[in-house]
Amino acid sequence: MCKYSMIEESLKLGLGKLSKDGALMVDTGVFTGRAAKFRYVVQRPEVAETVDWGKVNQPIDYGFSQKFFAALEKNIEDNKNYSMSGYVGCFPITVKSKSPHHILFAQNMFRDAVIDEISKEIQIDKSIEVFHCPYDSVSDLGLDFSQETLIVLDLVDKKIGICGTAYAGEIKKGAFSVCNYLMPEVGIFPMHSSANSQPDGTESCVLFGLSGTGKTTLSADKTRSIIGDDEIIWSKRGLSNLEGGCYAKLIDLCEESEPEIYGATNRFGAMLENVVYDSDKRTVDFCDSTKTENTRGSYDITALENVFDQSKESSQPKTIVFLTADAFGALPAVSKLDFNQAQYHFMSGYTAKVAGTELGVTEPTATFSACFGAPFMPRHPSEYAQLLAEKAAENNATVWLLNTGWVGGYAGGKRFPIQVSRQILSMIQNGELEKQPMQDHPVFGFQVPTTCPGVDPKWLAMPTGEVVNELANKFIANFQSMASVVSPEVLENGGPRRVKMVSAQSSSPQATL
């Protein structure tokens, strides 16, 4: 079924409206983000020792999962349904849903074709299948379970079942999670990241980051070609896009500062989730967060102007960037990491949530998500960190921590302007920042550039005082659960030094080894 048909069906069923520019605007109901607490992985002998079981990868009984999938599939087949077929990475994927606009989403997000070189490296015995009932509850399926919303991943049969949530991101993230489990077995590093390069594929760069750190924004650069904005594969030859579209966060989207994303979302074929709009003029107010801070736009990656050839792999990356939106005013604008620090910060996956981004969050909260995407990485973080270290070392890639958060803290401070972050990133990518004078950070140990071409020095000041120590101790506390599975070098030299709390009047932090 074509995109036009899915849009027409959605309008006919009253599931959405068209914006004045032709984008389909839909609401996702109660769930305006991922239902992380309702996501489970099927417990089977084949994956018992390789899945990182816990709060993220919650186990669910195999017997019940079989009943769930059977009931879900029957519910779909017994009612009007829609489907699409495509590829995620090198894996064939089919999506069956009772909702047409979710099929539009899948058509935007998944690939039309595979990269042959990658498909030869993985044995493909079956397609990934997604069964999707967004407006039915578990009890509607005739099942007795403790929750009415349920997302189940079967990593052996490559099945994904989604029930009771209309947030479209569950479809792509479920498929991404299955790929993330399978690919490391053949030495392919799947990453929750964006990537871009020069138009000819050289000077490629990987950008890791959690939601709200700028992963999509910074990869869409008019001077470079975007490879992908969220899910990237690093093979022995280079980088490629796991998916075929983008799922951009739209809150405060502005044509002036983000013209590529603005143009891609304001067009026919794009799908906008939970945006506020004028019902008469059908104009979108991207700054209105009444429904949610997590407004989203889905569009085919070819809607962007500068897109790297999706049928090819770029060169091996020479720069790796971890994006963090520090809201405490504790981290400098940019830092250079050695390989021990790279593994430590990759496994930490730090950013900060701020007021309004999540129910109950009223002040900045430190958030750690291993590999900058723990919910989508079924294996232990150390496995992915080892792949990162090996591939970075093989290709002599430099690793950086770029702070897109707040100078002086969220309360009363100022966020780094997009133009400043873009300029710093540009200097990382062209190798100029590495040539600048640097100083060692007294607590975190990484190197901090003191100058950057094209950036006012006021943005490069190194924060000091108690706030730095407090964040360092949060890093240390978070990493305790991973201390037993990393090398002594990473544990001893990768993270911050243990620090004492100092008074706010102190001009510099005190560190104790």
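Me: Before we start, what does it take for two strands to pair?
Reply: Two strands count as paired when DSSP finds at least two bridges between them. Keep in mind that this is a predicted model. In this model, 3 bridges join β3 (residues 39–42) to β4, so that clears the bar of at least two bridges.

Me: OK, then which residue in β4 is the bridge partner of Y40?
Reply: β3 and β4 run parallel. Look along β4 (58–60) for the partner of Y40, and you land on Q58.

Me: What order do the 7 strands of the open sheet come in?
Reply: The pairing in this sheet is mixed. Its edge strands, each pairing on one side only, are β4 and β5 (82–88). From one strand to the next, the twist averages 20°. Read across, the order is β4-β3-β8-β9-β7-β6-β5.

Me: Is β8 largely enclosed or not, and how many of its residues are buried?
Reply: Buried means under 20% relative accessible area. On one face of β8 sit L150, V152 and D154, on the other I151 and L153, and all of them are buried. That fits a general pattern: side chains in a regular strand alternate between the two faces of the sheet. β8 (residues 150–154) is largely enclosed by the rest of the structure, because its buried residues number 5 of the 5.

Me: Which residue in β9 stands opposite I151?
Reply: β8 and β9 (residues 159–163) pair in the antiparallel sense over 5 bridges. They form a hairpin with 4 residues between them, and K158 in the turn has a positive phi of about 60°. Across from I151 in β9 you'll find I162.

Me: Is K96 buried, partly exposed or exposed?
Reply: K96 lies in strand β6 (residues 91–97). Setting aside neighbours within four places in sequence, its contacts include I76, E77 and Y82. The relative accessible area of K96 is 29%, and anything between 20% and 50% gets the middle label. That makes K96 partly exposed.

Me: Which helix gives the most residues to the largest nonpolar core?
Reply: This core has 101 residues, and F208, F322 and F346 touch the most other members. The top contributor, with 7 residues, is helix α5 (residues 169–182).

Me: And how many residues are in the other core, the one with L323?
Reply: F322 belongs to the largest core, and its contacts beyond four places in sequence include F208, F346 and W400. L323 is in another core, apart from that one, along with L433, C452 and V455. The number of residues in this other core is 20.

Definitions and conventions
Residues are numbered from 1 along each chain as its sequence is written. This is a predicted model: local features need pLDDT of at least 70, side-chain atom pairs count only at pLDDT 80 or more; totals for chains, interfaces and linings use all residues. Side-chain values use heavy atoms; hydrogens and water are left out. A nonpolar core is a set of buried Ala, Val, Leu, Ile, Met, Phe, Trp, Tyr and Cys residues joined through side-chain atoms within 4.5 Å. Buried means under 20% relative accessible area, exposed over 50%, partly exposed in between (1.4 Å probe, protein chains only). Helices (H or I, at least four residues) and strands (E, at least two) are DSSP runs, numbered from the N terminus. Contact means heavy atoms within 4.5 Å. Axes are lines fitted to C-alpha atoms, for helices over the stretch in contact, and angles run from 0 to 180 degrees between N-to-C directions.
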